[in-house]
Amino acid sequence: MLNILISIIGIIVTLLLIIGIHEFSHFIVARLLGIKVLRFSIGFGKKLWSCFDKKGTEYVIAAIPLGGYVKMLDAKEETVSIDDLPLTYDHQPFYKKFLVVVAGPLSNLLLAFVLYWMLFMMGFSSIAPIIGKITPHSIFAEAGIKSNVEITRIDNIPTSSWMGVLIRILSRTGDTSKMQIGVKPLDKQTLQEYQINLANWHMDNLKPDPLTSLGIEPYEPEIPAIIDKINANSPAAESDLSSGDKILAINGKKIANWLELVTEIDKRPTEKINLTIERAKKQYNISVTTGSERDLLFKKHGFLGVTPQFKWPDNLIHKNQYNPFIALSHAWQNTMDFTYLNLVIIGKLFTGKVSLQSLGGPISIFQTAGTALNQGIAPFLSFLAFLSISIGIINIFPIPGLDGGHLLFQTIEAIIRRPISDRVLALFYRIGFILIFLLIVQSIINDVLRL
């Protein structure tokens, strides 16, 4: 129940922060430039809550949390008195309208930068990108790369974490040329270079997994099934289990490591099970009734409320924590890296190199938001920053209905020095909204198929 509550909080914070900062930027810039704002809405559709301020602006929380909007006074859309014409959006000079529109996407990029800056000041650990296994006859295997090596460079760009590796690999999605990989064996300091042939590289469209598709499995040290801590008020706390117990079997089925323990417990919510444990070199049988918790899709999962005795070796962990000044450069680099990745992937979607089946929709976003917050504040901040960049980049594309579409039409009007006809605008906006609707439907279908 607690996990669900935390997930819901994560979703609410995500919606209010990412959408809120985007729409608030449109709103505040319009206000500062003397444009009258009629409505500020988070979400679409039926109003769930609303209020008015002293200037007559209505603030709305609506039922469909797939975006938001700022409605400004516009003489093209309603009858406006002569006195109010200077306050209308359509009577503003090009630069004012440009600033109002571009404020949304830029605020998302700025938010991501600030979140990454906070993250690097707080500090976090990342796992070194060490290859644990190579799938036989895979693309990496055919290149001659062995296991137990650390990926240090891809296409001459340094990679110090699996996230860095994924960014570089995803940026090559759909390519057929060769990718250069630099690796370093764990017992040596010499760098080895390999050429990866991407001509036959294919990822699952619905559930793309860059590493598996290339034949890579990240190194994961085996975690023994030994209990370290027992959470208070948990099923384990109400049993005879103790710290230091090694779990050997569940209902007679042998347990080799912690992963197998978690997998078996997960399949047995609210079930009385018999654990065979080793304590002080003696074996005991202990009965315990597992707890249960539901995920956001209301599927039940079993749990005991225990943590393992394990610590990652220091040589496999990269610690990232900097003073406020140095953290700025790292935050900037992360913002640029993920901006680049978004631009590349969106470009590949338009060219067909990436399938529309790979799109994630609201279900994926909500699941990820909940999972990230349950994992801790650092993963949640990282998720918020990445999502904020994605929202900002998507909105800047010149699609009617998005901020980029408004900028495109405003630029055309500035060049031709006359307004585009209402008929032409209506046609393009209709096409834009249809395109956006189809993409949303496709992403939701993808989400449902992934469940």
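Hi everyone, this is a short walk through one structure, from its nonpolar cores to a helix with a bend in it. Please keep in mind that we are looking at a predicted model.

Let's start with the inside. The largest nonpolar core is made of 24 residues. Within that core, the residues with the most contacts are Leu115, Tyr116, Phe338, Leu384 and Ile389. Three helices each bring at least two residues to this core: helix 2, covering 94-122, helix 7, covering 324-351, and helix 9, covering 377-396. Helix 9 gives the largest share, with 9 residues. A second core of 22 residues lies apart from that one, and Ile145, Val149, Ile151 and Met179 are among its members.

If you'd like one residue to click on, try Ile389. Leaving out residues up to four places away in sequence, Ile389 touches Asn108, Leu109, Ala112, Tyr116, Thr335, Phe338, Thr339 and Asn342.

Now over to helix 2. How does the distance between its end C-alpha atoms compare with what its 29 residues should span? At 1.5 Å a residue we expect 42 Å, and the ends are indeed 42 Å apart, so the two agree. Even so, follow the helix along and you will come to a kink of about 40° at Ala103, shortly before the proline Pro105. Just after helix 2 comes Gly123, with a positive phi of about 95°.

Next, a histidine I'd like you to find: His318, in strand 18, which runs over residues 317-320. Is His318 buried, exposed or partly exposed? Its relative accessible area is 24%, so it counts as partly exposed. His318 and Ser160 are 158 residues apart in sequence, yet their C-alpha atoms are 7.7 Å apart in space. The side chain of His318 reaches the backbone oxygen of Ser160 at 2.6 Å. Besides Ser160, His318 touches Phe124, Ser125, Ser126, Ala128 and Glu150, again setting aside residues up to four places away in sequence.

On to charges. Searching the whole structure turns up 13 salt bridges, and I'll show you three.

One of them joins the side chains of Asp175 and Lys353, at 3.6 Å from N to O. This pair links distant parts of the chain, 178 residues apart. Asp175 sits in the loop between helix 4 (162-170) and strand 7 (178-185), while Lys353 is in the loop between helix 7 and helix 8 (362-375). Asp175 is buried, with a relative accessible area of 16%, whereas Lys353 is partly exposed at 45%.

Another joins Asp245 and Arg279, whose side chains meet at 2.7 Å, N to O. Asp245 is in the loop between strand 10 (227-230) and strand 11 (246-250), and Arg279 is in strand 13 (residues 272-279), so the bridge ties together parts that are 34 residues apart in sequence. Asp245 has a relative accessible area of 1% and is buried; Arg279, at 28%, is partly exposed.

And then there is Glu264 with Arg268, where the closest N and O atoms are 2.6 Å apart. Here Glu264 is buried at 6% relative accessible area, and Arg268 is buried too, at 16%.

One last thing on this topic: some salt bridges share partners, and they join Asp155, Arg172, Asp175, Lys348 and Lys353 into one network. You have already met Asp175 and Lys353 as a pair.

That's the tour, and thanks for listening!

Note on methods:
Residues are numbered from 1 along each chain as its sequence is written. This is a predicted model: local features need pLDDT of at least 70, side-chain atom pairs count only at pLDDT 80 or more; totals for chains, interfaces and linings use all residues. Side-chain values use heavy atoms; hydrogens and water are left out. A nonpolar core is a set of buried Ala, Val, Leu, Ile, Met, Phe, Trp, Tyr and Cys residues joined through side-chain atoms within 4.5 Å. Buried means under 20% relative accessible area, exposed over 50%, partly exposed in between (1.4 Å probe, protein chains only). Helices (H or I, at least four residues) and strands (E, at least two) are DSSP runs, numbered from the N terminus. Contact means heavy atoms within 4.5 Å. A polar contact is a pair of N or O atoms within 3.5 Å; within protein, one must be able to donate a hydrogen and the other to accept it, and residues adjacent in sequence count only if both atoms are side-chain atoms. A salt bridge is a side-chain nitrogen of Lys or Arg within 4 Å of a carboxyl oxygen of Asp or Glu. The expected span of a helix is 1.5 Å times one less than its number of residues. The bend at a residue is the angle between axes fitted to the seven residues ending there and the seven starting there.
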